[in-house]
Amino acid sequence: MLSRCAGVFRSDIVRRGFHTSRAAHAKVVAVLYDDPVAGFPPKYARDDIPYISGYPDGQTAPTPVSKPDFQPGALLGSVSGELGLRKFLEDRGHEFVVTSSKDGPDSELEKHLHDAEVVISQPFWPAYMTAERIAKSPKLKMCLTAGIGSDHVDLAAACDRKITVAEVTFCNSISVSEHVVMQILALVRNYIPSYEIIMKGGWNIADCVSRSYDVEGMHVGTVASGRIGLAVLRRLKPFDVHLHYTDRHRLPEAVEKELNLTYHADVASMVKVCDVVTINCPLHPGTEHMFNEELVYSMKRGAYIVNTARGKICDRDVIAKALNDGQLAGYAGDVWFPQPPPQDHPWRSMPNHGMTPHISGTSLSAQFRYVEGVREILECHFDGRPIRDEYTIAINGSLAGTGALSYDSGNTTGGSDEAAKFKK
């Protein structure tokens, strides 16, 4: 009987996308994406995941003091997965609210802003913390990203209120770089249309190969060569391509020689010579709509763009136009603006695209790492210990740590209210 009752309760959580614990010391609100349509937990394809203790630059993986009460490789990023945080928080006497309802004035998130101390969000299903929402949150002390990227927070407003902004740097950078390489190959080799021909019972080879090329010998450039961009470059080197990059922080000479890189002082000079451009920079006021009509139409005709950074770095309508008139041969990525995009978003229907939902950084492997990082950051917050510099975006009213290196102060949340138009 107990298990049957528990099952009924769990299905109610999934249906409403909302779960809260008893009142306590601090309220933590987590905005997570919905559970699988077929129910939670899913049937897993594997029994385990590889253990990753550190990253290529020497940074260690998250090291929370507390131990997880879940199996690595479990689905933790959806509502019922709860980031594996419920026992951890409730054992410390805190209230924990989990919901997928995030957009519009009647959302569950809005109902809890007045007394929330911590708001946790994922880039894949972002809770847009605009200046208006921050003003409604008098007790808010931290906006925490379960993943990488804090552009869904109005950083200027957060700094004005001295709200800490943190994210789990490097937790899923390799995950995203793998997705980039996959999508470059899928576009250039015309994989998706070829797969669709098979699924429809066909076997027309000419149609499959009429837009298929080799990556070998192409010029491939990355906008930004940070953790993700550099990982992409390293993974592409064995393909015998010509590698280019642009970044405000130039790579060491030894790395440029190792990978045979060509450095460009600006984006405009790089995209003119590239067959494929991959975007791996953060979204901030200096990169918003960087890929506008002038830049896109300065590229080679038939170039490809893969954007797993942020959708707003590209002008939405320019990308659709360039695919329709043939200036671009293909566009892929997993980032949109807003998220989720309305059903009439032009990227859903434009030709020759390989778009997915925002999934590159939330593989089951990545989820374990960013959940561990969230727990480490929360331990620091509640125990009064400093958060790692690499996890810090803003603190005490200023950009700091990774934030000072990667972001410009300002706000890129404008227009996020459009996300409320998405219909489940």
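**Exercise 1.** In this predicted model, work out where isoleucine 387 is found and whether it counts as buried or exposed.

*Solution.* Start with the address: isoleucine 387 is in the loop between helix H14 (364-383) and strand S14 (392-395). Next, check the accessibility. The relative value for isoleucine 387 is 15%, and the cut-off for buried is under 20%, so this residue counts as buried. Now look at who is around. Skipping neighbours within four places in sequence, isoleucine 387 touches Met142, Thr164, Ile377, Cys380 and Thr392. For one more distance, take glycine 401, 14 residues away along the chain: its C-alpha atom is 9.8 Å from that of isoleucine 387.

**Exercise 2.** Go through helix H13 (residues 316-325) and list which residues are buried, then find what covers them.

*Solution.* Begin at the N-terminal end, where aspartate 315 acts as the cap: one of its side-chain oxygens sits 3.1 Å from the backbone nitrogen of aspartate 317. Moving into H13, the buried residues are Val318, Ile319, Ala320, Ala322 and Leu323. Their cover includes helix H12 (293-296) plus strands S11 (303-307), S12 (328-333) and S13 (353-355). Finish just past the helix, where glycine 326 adopts a positive phi of about 90°.

**Exercise 3.** Which side chain does glutamate 110 pair with in a polar contact, and is glutamate 110 buried or exposed?

*Solution.* First, place glutamate 110 in helix H3 (residues 108-112). Its relative accessibility is 16%, so it counts as buried. Then find the partner: the side chain of arginine 133 makes a 2.8 Å polar contact with that of glutamate 110. Lastly, fill in the surroundings. Beyond four places in sequence, glutamate 110 is in contact with Gly104, Pro105, Arg133 and Lys136.

Key: Residues numbered from 1 in each chain as written. Predicted model: local features only at pLDDT ≥ 70, side-chain atom pairs only at ≥ 80, totals over all residues. Heavy atoms only, no water. Helix = DSSP H or I, 4+ residues; strand = E, 2+ residues; numbered from the N terminus. Buried < 20%, exposed > 50% of the residue type's maximum accessible area, 1.4 Å probe, protein only. Contact = heavy atoms within 4.5 Å. Polar contact = N/O pair within 3.5 Å; in protein donor to acceptor, adjacent residues only side chain to side chain.
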